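Me: I would like to learn how to read the features of a protein model one at a time, with the general idea before the particular case. Could we work through one together?

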Amino acid sequence: MVRSFRRGALAAVFALSIVPLAAACGAGNDAQTLKVRPDSDSVTVGKIKVQNAVVLTDSNGTGPATVSARLFNNGDSAQTLQALQLGGQVNVTLADKDGGQTVSVPAHGSILLGGKGNASAVVDSGSEGLRNGDVQKAVFQFSSTGPVAIQLNVIPATGEYKKFGPSSLPTTQAPTTPPATPTDTATPTGTATPTGTATPTA
């Protein structure tokens, strides 16, 4: 009888020790604890990988919007980003760091879209049709790999994203021409005076 009592006591202690562990495991799987990460973090198609791609809107919500992303090329030859579309109908104007209309991704290398000194991708329609918090489907068109589709989160270009957003775009000022001013004025240089007098000679 003593043995059965001891066994029962040990079983009770063991059961009580499991309860906190189970509770701790349950808390670890709580939806509030686990942050939901968007599935647009990165996508790989063939030799191309698009990572950390987002749409950045102007902080005021009135200016242009840009796309920022890191593009990787794991192939043996360079590829060109030929076009970029949002939502299947909104075009994005591409420019490399030297002003060209296409962006080259070197072999076994990567490039960054957005930020000073980097290639840029400016949304043609501005940010009027883009709302922060939305998700936009983007299609990157590469010369060899073809289309690479990815979902992009629309967020304001603030904080750590500010240096990659619309404020990082180079600003061009219209040349200012000063008003025309007359450089020469016509002034009389001399006065006409009679040199002699006429007298009758009879």
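**Reading the model**

Reply: Buried residues make up 26% of the 202 residues in the chain, where buried means under 20% relative accessible area, exposed means over 50% and partly exposed lies in between, with a 1.4 Å probe and protein chains only. This is a predicted model, in which local features need pLDDT of at least 70 and side-chain atom pairs count only at pLDDT 80 or more, while totals for chains, interfaces and linings use all residues. Residues are numbered from 1 along each chain as its sequence is written, and side-chain values use heavy atoms, with hydrogens and water left out.

Me: How many helices and strands does the secondary structure of the chain come to?

Reply: Helices (H or I, at least four residues) and strands (E, at least two) are DSSP runs, numbered from the N terminus. On that basis the chain has one helix and 10 strands, and along the sequence they follow the pattern α-β-β-β-β-β-β-β-β-β-β.

Me: Which strands are joined to β10 by bridges, and in what direction do they run?

Reply: Two strands pair if DSSP finds at least two bridges between them. Strand β2 (residues 48-57) runs parallel to strand β10 (residues 146-156), and four bridges join them; here Leu 56 stands opposite Ile 155. Strand β9 (residues 135-142) runs antiparallel to β10, with eight bridges between them, and one of the bridge partnerships is that of Val 135 with Asn 153. β9 and β10 form a hairpin, with three residues between the two strands.

Me: What should I keep in mind about side chains along a strand?

Reply: In a regular strand the side chains alternate between the two faces of the sheet. A residue to examine in its own strand is Ser 68, which is found in β3 (residues 65-73).

Me: Is Ser 68 buried or exposed, and why?

Reply: Ser 68 counts as buried because its relative accessibility is 6%. Contact means heavy atoms within 4.5 Å, and, leaving aside neighbours within four places in sequence, Ser 68 is in contact with Asn 52, Ala 53, Val 54, Leu 56, Leu 113 and Phe 164. A polar contact is a pair of N or O atoms within 3.5 Å; within protein, one must be able to donate a hydrogen and the other to accept it, and residues adjacent in sequence count only if both atoms are side-chain atoms. The side chain of Ser 68 reaches the backbone oxygen of Leu 113 at 2.9 Å. Ser 68 and Ser 120 are 52 residues apart in sequence, yet their C-alpha atoms are 7.8 Å apart in space.

Me: What share of the contacts between residues at least 6 apart in sequence join residues at least 24 apart?

Reply: Among those contacts in the chain, the share is 63%.

Me: Which polar contacts involve the side chains of Asn 73 and Gln 79?

Reply: Asn 73 lies in strand β3 and is buried because its relative accessible area is 0%; a polar atom of its side chain lies 3.2 Å from the backbone oxygen of Val 105. Gln 79 has its place in strand β4 (residues 79-86) and is also buried, with a relative accessible area of 5%, and its side chain makes a polar contact of 2.9 Å with the side chain of Thr 145. Asn 73 touches Gln 79, not counting residues up to four places away in sequence, and its other contacts include Lys 47, Ile 48 and Val 105.

Me: How many salt bridges does the structure hold, and which residues form a salt bridge?

Reply: A salt bridge is a side-chain nitrogen of Lys or Arg within 4 Å of a carboxyl oxygen of Asp or Glu. The structure holds one salt bridge, formed by Arg 131 with Asp 134, whose closest N and O atoms are 3.2 Å apart. Arg 131 counts as exposed because its relative accessibility is 59%, whereas Asp 134 counts as partly exposed at 24%. Asp 134 lies in the loop between β8 (120-123) and β9, and, leaving aside neighbours within four places in sequence, Asp 134 is in contact with Leu 152, Asn 153 and Val 154.
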